[in-house]
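Morning, everyone. I have one structure to show, and I will keep it short. Please look at the screen.

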Amino acid sequence: MDARALAALAANPGCRRRALLDGAGVDKGALAQALGAPANFGQSQFAHQRGNSFEARVKADGGADLVRLLHERLRDGSEPPGPGAVTTPDLTASGPQGRTARTALALREATEAGRWALLDHPMVSLDVAGSPAFLEPDAVVVHPDGSWTVIEIKSFPMVDGSADPAKVGAAARQSAVYTLALERVAAMIGEPEEGGGDATDPAEAANRADRAPVRARVRYQVLLVCPKDFSNLPTAELVDVRKQLAVTRRQLDRLTRIEEIAAALPEGTTFDLRLTDDGRIPTRPVEELTAAVDAVDAAYAPECLSTCELAAHCRTRSRAAGQVEALGRGVRGELGGLTTVDAVLTAAMNGPADEAPTGDPAVDALRRAAALRAEALASRPEAVACR
């Protein structure tokens with residue numbers, strides 16, 4: 001799972017299908033292709049290369065320009081970082097667990113040093129429904145006061161200090177996932193080390209007493225860095241992610257544990273595509289694969305089309321079942337216990353609006369709407385009723 005997937009999962013915590021497939025590391029794009037419902041979104045190779053080029057430019061010179069941008073946007077009256085004031089710790093380690101541990105150590109050392117530091121592509125972890133997720137922010141800056149700022153670098157333009165609100169919102173939700181993971185690292189920093197020396201040794205005790213206290217904390221404003229006015233020059237703005245952070249924390253806590261979802265599946269359920277030896281062509285029958293996917297409950301909503309590779313398949317199944325979720329979460333919330341389109345039409349047409357209220361606000365509103373529609377059509381005989 002990456003931060004983008006976690007942000008999408010947090011926005012739809014009731015979707016067990018996505019939680020299981022992401023937790024198991026299933027390639028949902030290949031799965032959707034094999035099901036005959038390929039995803040129609042994603043980043044082009046050109047956009048990916050442009051993004052990598054822009055990120056390399058932003059981080060040039062040891063990240064000095066990036067830290068300067070951050071200091072300018074803070075406007076807190078502190079001294080700007082001078083030449084050579086920004087350290088860039090080496091985060092090289094073996095495997096995701098090793099990189100996570102190395103990142104935590106680098107954050108601790110930079111915080112205790114009390115100076116500017118830039119961590120390029122650090123790795124942090126987050127427990128999601130009982131499964132570890134390793135996340136890689138674009139960068140994290142450690143301030144001299146011990147606070148940390150998440151840096152999110154995007155290739156979409158920022159024109160006159162503003163960018164596409166939908167893209168900024170997506171970046172904020174993604175950054176909130178990084179912030180949540182960093183909060184857990186900050187909570188661990190400052191705790192007494194186990195086996196950290198002989199507590200009865202006077203020299204060791206004096207050394208600990210002289211050590212500066214750790215003041216690690218994560219700032220709730222992330223720095224969003226984008227190209228300025230369609231150029232390749234970087235500009236930046238601070239984005240407050242407290243709202244997204246609260247939502248992400250609450251939604252991730254609501255997720256059903258992945259082992260519980262897996263335990264409810266029929267014995268032998270697998271999402272293996274049975275690819276040919278060249279790893280390109282799936283050979284598993286579509287009927288088998290569809291049955292395996294449908295064995296896991298989904299919670300489709302139109303918003304999934306921009307965040308999940310399986311959304312087209314889920315939309316088709318939702319429409320075939322006549323589920324009102326296909327019309328949007330707002331409609332679903334208004335209809336209460338009416339979960340299918342047939343149930344909605346039956347409730348609307350089974351009685352005139354001037355009858356006594358049924359006690360169900362959704363049914364009463366539907367009957368009133370049906371009466372108004374019939375009245376409008378009656379006043380225009382030449383009108384053709386929509387179907």
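I will go from the overall numbers to one hairpin and then to the salt bridges.

First, a caution. This is a predicted model. Everything I quote is computed from it.

Overall make-up. The protein has 15 helices and 8 strands. It runs to 387 residues, and 39% of them count as buried. About 21,100 Å² is exposed, with carbon and sulfur atoms supplying 52% of that area. Now the contacts. Take those with a separation of 6 or more: 62% of them join residues 24 or more positions apart.

Next, the hairpin. Find strand E7, residues 221–227, and strand E8, residues 234–240. They pair in the antiparallel sense, over 7 bridges. To get your bearings, start at Val-222: its bridge partner in E8 is Val-239. Between the two strands sit 6 residues. Which residue in this hairpin takes a positive phi? Asp-229 does, near 50°.

Now the salt bridges. The count comes to 22. I picked three.

Number one is Asp-22 with Arg-18. The closest N and O atoms are 3.0 Å apart. Both residues lie in helix H2, residues 16–23, and they are 4 residues apart, about one turn of the helix. Buried or exposed, this pair of Asp-22 and Arg-18? Both are buried.

Number two is Arg-68 with Glu-72, at 2.9 Å, N to O. The pair sits in helix H5, residues 64–74. Again the spacing is 4 residues, so about one helical turn separates Arg-68 and Glu-72. Here the side chains have some exposure. Arg-68 is partly exposed, with a relative accessible area of 38%. Glu-72 is partly exposed too, at 35%.

This pair also belongs to a network of salt bridges. The linked residues are Asp-65, Arg-68, Glu-72, Arg-73 and Glu-237. Glance back at the hairpin here: strand E8 covers residues 234–240.

Number three is Arg-219 with Asp-145. The closest N and O atoms are 3.4 Å apart. Where do the two residues lie? Arg-219 is in the loop between strand E6, 217–218, and E7, while Asp-145 is in the loop between strand E4, 139–142, and strand E5, 147–153. So the pair ties together parts that are 74 residues apart in sequence. Arg-219 is buried, with a relative accessible area of 17%. Asp-145 is partly exposed, at 35%.

To recap the three: Asp-22 with Arg-18 within H2, Arg-68 with Glu-72 within H5, and Arg-219 with Asp-145 from loop to loop. That is my set. Over to you.

Technical notes:
Residues are numbered from 1 along each chain as its sequence is written. This is a predicted model: local features need pLDDT of at least 70, side-chain atom pairs count only at pLDDT 80 or more; totals for chains, interfaces and linings use all residues. Side-chain values use heavy atoms; hydrogens and water are left out. Two strands pair if DSSP finds at least two bridges between them. Buried means under 20% relative accessible area, exposed over 50%, partly exposed in between (1.4 Å probe, protein chains only). Contact means heavy atoms within 4.5 Å. Accessible areas come from the Shrake-Rupley method with a 1.4 Å probe; for residues, only the protein chains shown count as cover. A salt bridge is a side-chain nitrogen of Lys or Arg within 4 Å of a carboxyl oxygen of Asp or Glu.
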